[in-house]
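Subject: The structure we talked about

Hi,

Here is the structure I promised to pass on, with my notes below it. Have a look at it first, and then read on for what turned up.

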Amino acid sequence: MALAGLYRRILPSPPAIEFSSSEGKQLFSEALQSGTMEGFFKLISYFQTQSEPAYCGLASLSVVLNALAIDPGRKWKGPWRWFDESMLDCCEPLENVKAKGITFAKVACLAQCAGAQVESFRSNQSTIDDFRRHIINCTASEDCHIITSYHRAPFKQTGTGHFSPIGGYHAGRDMALILDVARFKYPPHWVPLSLLWEAMHSIDEATGHHRGFMLISRRQRAPSLLYTLSCRHESWVRTAKYLIEDVPVLLKSDDIKSVQDILTVLFTSLPTNIGEFVKWVAEVRRQEEGGSKLSEEEKARLAVKEEVLKEVHETELYKCVTEWLSSPSSCCRKVSSLHDKDSLPEIAASVCCQGAELLTGMHGTARGFCCRATCVKCLKGDGDLPKTVVSGMVTSGGGEQGFDMLVPMSQTKLGSDCGCGPSCIGMHPASNDILTALLLALPPQTWSSIKEEMLLAKIQGLVSTESLPPILQEEVLQLRWQLNFLKRCQDNKVDDDVY
């Protein structure tokens with residue numbers, strides 16, 4: 001005999017007040033008059049129910065990102081770019097989230113990967129007065145929203161840890177409106193702010209960490225165009241530690257006498273999974289969507305990527321990195337870990353399979369896709385320079401689908417020391433431009449332990465962001481921000497808290 005299952009839960013009241021009740025409507029009306037329901041209308045316009053029992057963090061973030069009108073930069077379904085839980089997989093595989101939930105830090109990581117500005121606070125790192133101030137500021141604006149991580153027990157609700165956004169605030173009653181994304185269980189409801197703080201100030205018994213809240217807003221700085229840092233692979237903690245903590249120690253060596261010595265010390269000690277940490281931001285499309293030409297949007301995005309790549313190639317640091325890579329002492333076996341495959345078609349085969357996973361909505365099933373064939377070709381529009389496209393035929397089950405990966409090219413002549421001849425044109429991705437971007441993104445204080453004053457001054461000049469062109473400068477500062485963000489996650493040890 002089949003089990004009947006559950007149809008919703010009765011909302012315990014008190015302490016909560018159901019949003020659609022007479023009292024809930026009165027609270028809404030009064031809060032609206034007070035100006036602390038401004039963010040509600042954007043949130044409710046994009047409100048959704050979590051699609052899996054453990055997807056409360058993903059659903060909350062999806063609602064907030066869409067409410068902030070942040071463009072995901074990739075397609076959801078058909079021609080539409082839109083945030084959905086299934087697209088929030090850059091920091092944690094979806095199959096893991098489905099099985100055991102997601103951590104407080106990984107939700108914050110997902111938000112910043114998606115292009116949002118994030119400020120996260122554990123309850124033991126803040127106060128109820130600070131929390132109230134943040135709620136008042138955010139609910140009085142459409143430009144900032146709060147996601148809370150709390151335990152349901154103080155509200156006499158069933159379940160344990162949960163994520164949901166805050167939809168409004170009633171100053172007279174000191175109550176917050178929780179837009180519960182588990183709508184199959186509880187409707188939106190008002191709760192006393194003091195009780196919500198108590199629910200956030202609980203400790204997850206599985207991890208020993210406090211719960212908390214995060215402020216999500218639109219980022220002032222543009223997201224990464226060519227490169228991004230990923231915390232999806234478990235090795236990210238070790239890699240972030242190496243770049244922030246270990247590199248300055250290595251640079252104290254008395255044997256370092258030149259820039260090439262610095263590169264030797266840094267690159268020969270790179271963690272083996274560095275390629276899982278520094279990612280190339282690729283653009284993939286279905287072949288029938290693009291036809292034989294690139295759209296104006298695609299050409300514009302590719303042009304910006306090519307400009308950034310060109311600016312990387314024109315830096316003096318890039319020349320030093322390229323020289324080091326071509327030297328006999330470069331120890332290429334370490335740097336080769338940046339790419340599992342050597343040729344562009346092989347890289348494209350992997351990227352196209354990942355793209356197929358995203359574009360078809362079959363996330364977490366990349367092993368079911370196989371790229372049967374790839375080829376490099378050029379597409380040219382009226383009066384446009386040719387654009388490089390790597391095409392692949394991806395098969396899964398009994399069907400197949402063609403995908404294109406758009407490849408930025410640099411028109412900069414690299415010279416004979418790049419290893420591919422004096423007429424070589426730079427094509428992305430390559431180890432030398434990725435390593436250059438990574439060095440530029442290291443915190444300025446990284447180099448202060450170098451003992452030779454003249455060498456210190458020289459390397460500081462090579463890595464200075466002040467002299468970089470504006471677009472490349474934004475790219476580097478974004479990578480630096482990501483690195484600092486991941487390091488803060490590591491320092492606070494917030495990445496083990498499961499909800």
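Leaving aside residues up to four places away in sequence, which residues does Val-247 touch? They are Tyr-242, Leu-266 and Thr-446. Before I go further, please keep in mind that this is a predicted model.

**The chain as a whole**

The protein chain has 499 residues, and 53% of them are buried. Its secondary structure comes to 18 helices and 15 strands. If you take the contacts between residues at least 6 apart in sequence, 69% of them join residues at least 24 apart.

**Val-247 and the largest cavity**

Val-247 lies in helix 8, which runs over residues 236-250. With a relative accessible area of 1%, Val-247 falls under the 20% cut-off and therefore counts as buried. Its C-alpha atom is 8.5 Å from that of Val-265, a residue 18 places away along the chain.

Val-247 also helps to line a cavity. The structure holds three cavities of 30 Å³ or more, and the largest has a volume of about 60 Å³. Along with Val-247, the lining of that largest cavity consists of Tyr-242, Leu-243, Leu-266, Phe-267, Leu-270, Leu-438, Leu-439 and Leu-442. Two of the contact partners of Val-247, Tyr-242 and Leu-266, are thus in this lining too. By residue type, the lining divides into nine nonpolar, no polar and no charged. Helix 8, helix 9 (259-267) and helix 16 each supply at least two of the lining residues, with helix 8 giving the most, at three.

**The loop after helix 16**

The third partner of Val-247, Thr-446, sits in the loop between helix 16 and helix 17. Thr-446 is buried, with a relative accessible area of 2%. A polar atom of the Thr-446 side chain lies 2.7 Å from the backbone oxygen of Pro-443. Beyond four places in sequence, Thr-446 touches Val-247, Pro-248 and Leu-251.

Ser-449 belongs to that loop as well, between helix 16 (431-441) and helix 17 (453-463). Why does Ser-449 count as buried? Its relative accessibility is 16%, and the cut-off for buried is under 20%. The Ser-449 side chain reaches the backbone oxygen of Pro-248 at 2.6 Å. Outside its sequence neighbours up to four places away, Ser-449 touches Pro-248, Leu-251 and Lys-252. Pro-248 and Leu-251 are therefore contacts of Thr-446 and of Ser-449, two residues that count as buried.

**Gln-112**

Another residue to look at is Gln-112, in helix 5 (residues 104-113). Gln-112 is buried, at 1% relative accessible area. Among residues more than four places away, Gln-112 touches Val-118, Arg-219, Trp-481, Gln-482 and Phe-485. The C-alpha atoms of Gln-112 and Ile-216 are separated by 8.9 Å, although these positions lie 104 residues apart along the chain.

**Helix 12**

Helix 12 covers residues 296-313, which is 18 residues. At 1.5 Å a residue it should span 26 Å, and this agrees with the 26 Å between its end C-alpha atoms. Its buried residues are Glu-298, Lys-299, Leu-302, Lys-305, Glu-306, Val-308, Leu-309, Glu-311, Val-312 and His-313. An α-helix has 3.6 residues a turn, so residues three or four places apart point the same way. You may like to follow the buried positions, including Leu-302, Lys-305 and Leu-309, along the helix with that in mind.

**Backbone details**

Some backbone geometry is also worth a look. In the segment before strand 1 (17-18) you will find Pro-14 and Pro-15. The peptide bond from Ser-13 to Pro-14 is cis, with omega near 0 degrees, and the bond from Pro-14 to Pro-15 is cis with omega near 10 degrees.

Lys-156 has a positive phi, near 65 degrees, without being a glycine. Lys-156 is placed in the loop between strand 3 (144-151) and strand 4 (161-170), and is exposed, with a relative accessible area of 60%. Asp-174, not a glycine either, has a positive phi of about 50 degrees and lies in the loop between strand 4 and strand 5 (175-178).

Happy to talk it over whenever suits you.

Best wishes

Key. Residues are numbered from 1 along each chain as its sequence is written. This is a predicted model: local features need pLDDT of at least 70, side-chain atom pairs count only at pLDDT 80 or more; totals for chains, interfaces and linings use all residues. Side-chain values use heavy atoms; hydrogens and water are left out. Helices (H or I, at least four residues) and strands (E, at least two) are DSSP runs, numbered from the N terminus. Buried means under 20% relative accessible area, exposed over 50%, partly exposed in between (1.4 Å probe, protein chains only). A polar contact is a pair of N or O atoms within 3.5 Å; within protein, one must be able to donate a hydrogen and the other to accept it, and residues adjacent in sequence count only if both atoms are side-chain atoms. Contact means heavy atoms within 4.5 Å. The expected span of a helix is 1.5 Å times one less than its number of residues. On a 1 Å grid over the protein atoms alone, a cavity is a set of points where a 1.4 Å probe fits but cannot get out, and a pocket is an open set with protein on both sides within 12 Å along at least five of seven lines; lining residues have an atom within 4 Å of a point. Grid points are joined across faces, edges and corners, and a volume is the space filled by probe spheres set on the points. Ala, Val, Leu, Ile, Met, Phe, Trp, Tyr, Cys and Pro count as nonpolar, Asp, Glu, Lys and Arg as charged, and the others, Gly among them, as polar.
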